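Morning, everyone. I've got one chain to walk you through today, so let me put it on the screen.

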Amino acid sequence: MPVPYPAPGNTRRALLAAGAGASLGLLGGCASGGPAAPAQLLQAPAATLPGTHQQDLRDPASGHTWRIWVQRPAGPAPATGHPVLYVLDGNAAFALAAQLARNDAARPPELRPDAAIVVGIGHPGDAVIHPAERQRDYTPPPPGGSATPQAGGADRLLGFIARELQPRITQAFAIDAQRQTITGHSFGGLFVLHALFTRPAQFTRYAATSPSVWWNQGQVLQTAAQFMQAHATAPRAFSARLQLRVGSLEHAQAAATPARAAVQAERRLLERTEALAQQLTALQWPALHVQMAVLPGLDHGSVMLPGLVDALALAQQAR
């Protein structure tokens, strides 16, 4: 069943919004200083996020190249090792998640969570969103079929993460193998669910924000049913936590325009995600813990940031 969105998350969202306003005010102050101020600002060296490294990695198996970002942990390794958060749509979401992790590391010691490693997975180029590549990489292959150049490449990307990316992170850092989290929004959330239902041991924690459960006539819901049937009896060779987040405005009655209402009525994202959470919760498996929340006042796009906040918190939770 959905649970009320926790108050600390709402507070943190408000602080993030206040911080954004302060930044805009700072730039406005520079502009008011005279015609030369903006030009001087633009001629300054490009800003970088401390402790962050970026590299384009080519997958030998598929020939595809993904852009990878890594935020080094901003604190000492816990006794069990660092938790790791893998963030899909890295072009849009990595810097946000990495800065959140840096902010956590600056908190007073008694309030500071374990220092996390943040790994972004995106695409070469400066665009915030890469629509064609997202559909190609984040959607599951059709039942009994294989990936095409346009869609169905989720297993290919999961294989790249398992063969190439996760071993590199393991070799570079002291990590906690029991706190490996992957998070994604929209198509990225669909990818997270597909990963859980087909490779439940590749990660230990899964955070899906507004997952596109409607894709291909609700294919991932059929995959979920197969997952539940395959693991109906113990023992289960995995232990996983699933965090689901959806905006309260992601249904037809709350749509901003009639066209959007028609899309949301067809997709029924909120309704289907709630039903999936209820089905998984009803299993009462010790190997799978499910937590679902509907975030008030948020639509499909605006839910991404609080989803990241909660995904990082999930990654940092103690075992």
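Let's start at serine 212: setting aside neighbours within four places in sequence, serine 212 touches Ser186, Phe187, Leu190 and Leu269. Where is serine 212 found? In the loop between strand 6 and helix 7. And buried or exposed? Serine 212 comes out at 1% relative accessibility, so it counts as buried.

I should say right away that this is a predicted model. The chain has a mean pLDDT of 89, with 88% of its residues at 70 or more. The part to be wary of is residues 1-33, where the pLDDT is below 50. That stretch still has 32 contacts in the model beyond near neighbours in sequence.

Okay, strand 6. This is residues 205-209, and five of its five residues are buried. You know the usual pattern: in a regular strand, side chains alternate between the two faces of the sheet. Here Arg205, Ala207 and Thr209 point one way, Tyr206 and Ala208 point the other, and all are buried.

Now look at what flanks strand 6. On strand 5, residues 175-185, there are five bridges to strand 6, and the two run parallel. Strand 7, residues 240-247, also runs parallel to strand 6, again joined by five bridges. Alanine 207 is a handy landmark here: threonine 183 stands opposite alanine 207, and over in strand 7 the bridge partner of alanine 207 is glutamine 243.

How are these strands connected? Going from strand 5 through helix 6, residues 187-198, to strand 6 gives you a right-handed β-α-β unit. Carry on from strand 6 through helix 7, residues 215-230, to strand 7, and that's a right-handed β-α-β unit as well.

Let me zoom in on helix 7 for a second, because valine 220 lies there. With 1% relative accessibility, valine 220 counts as buried. Which residues is valine 220 in contact with, leaving aside neighbours within four places in sequence? Leu190, Leu193, His194, Phe197 and Val213. For a sense of spacing, valine 220 and phenylalanine 191 are 29 residues apart in sequence, and 9.2 Å apart in space, C-alpha to C-alpha.

Right, aromatics. How many aromatic pairs turn up in a search of the whole structure? Eleven. Take tryptophan 69 and phenylalanine 94: the ring centres are 5.9 Å apart and the planes sit at 20 degrees, under the 30-degree cut-off, so that pair is stacked. The two come from distant parts of the chain, with tryptophan 69 in strand 2 (residues 65-71) and phenylalanine 94 in helix 3 (residues 90-105), 25 residues apart. Tryptophan 69 is buried at 10% relative accessible area, and phenylalanine 94 is buried too, at 3%.

Then there's tryptophan 214 with tryptophan 215, an edge-to-face pair, 6.2 Å centre to centre with 65 degrees between the planes. Tryptophan 214 has a relative accessible area of 18% and tryptophan 215 is at 17%. Buried means under 20%, so both make the cut.

Tryptophan 214 has something else going on: arginine 267 lies over its face, 3.9 Å from the ring centre.

Last one: Phe197, Phe227, Phe238 and Trp285 form one aromatic cluster. You've met Phe197 already, as one of the contacts of valine 220.

That's my tour, and I'm happy to go back to any of it.

Methods:
Residues are numbered from 1 along each chain as its sequence is written. This is a predicted model: local features need pLDDT of at least 70, side-chain atom pairs count only at pLDDT 80 or more; totals for chains, interfaces and linings use all residues. Side-chain values use heavy atoms; hydrogens and water are left out. Rings of Phe, Tyr and Trp (its six-membered ring) pair if their centres lie within 6.5 Å; planes under 30 degrees apart count as stacked, over 60 as edge-to-face and the rest as tilted. Helices (H or I, at least four residues) and strands (E, at least two) are DSSP runs, numbered from the N terminus. Buried means under 20% relative accessible area, exposed over 50%, partly exposed in between (1.4 Å probe, protein chains only). A charge sits over a ring if NZ of Lys or CZ of Arg is within 6 Å of the ring centre and within 35 degrees of the ring normal. Two strands pair if DSSP finds at least two bridges between them. A crossover is right-handed if, with the strands pointing away from the viewer, the path from the first strand over the helix to the second runs clockwise. Contact means heavy atoms within 4.5 Å. pLDDT is the predictor's confidence in each residue, from 0 to 100.
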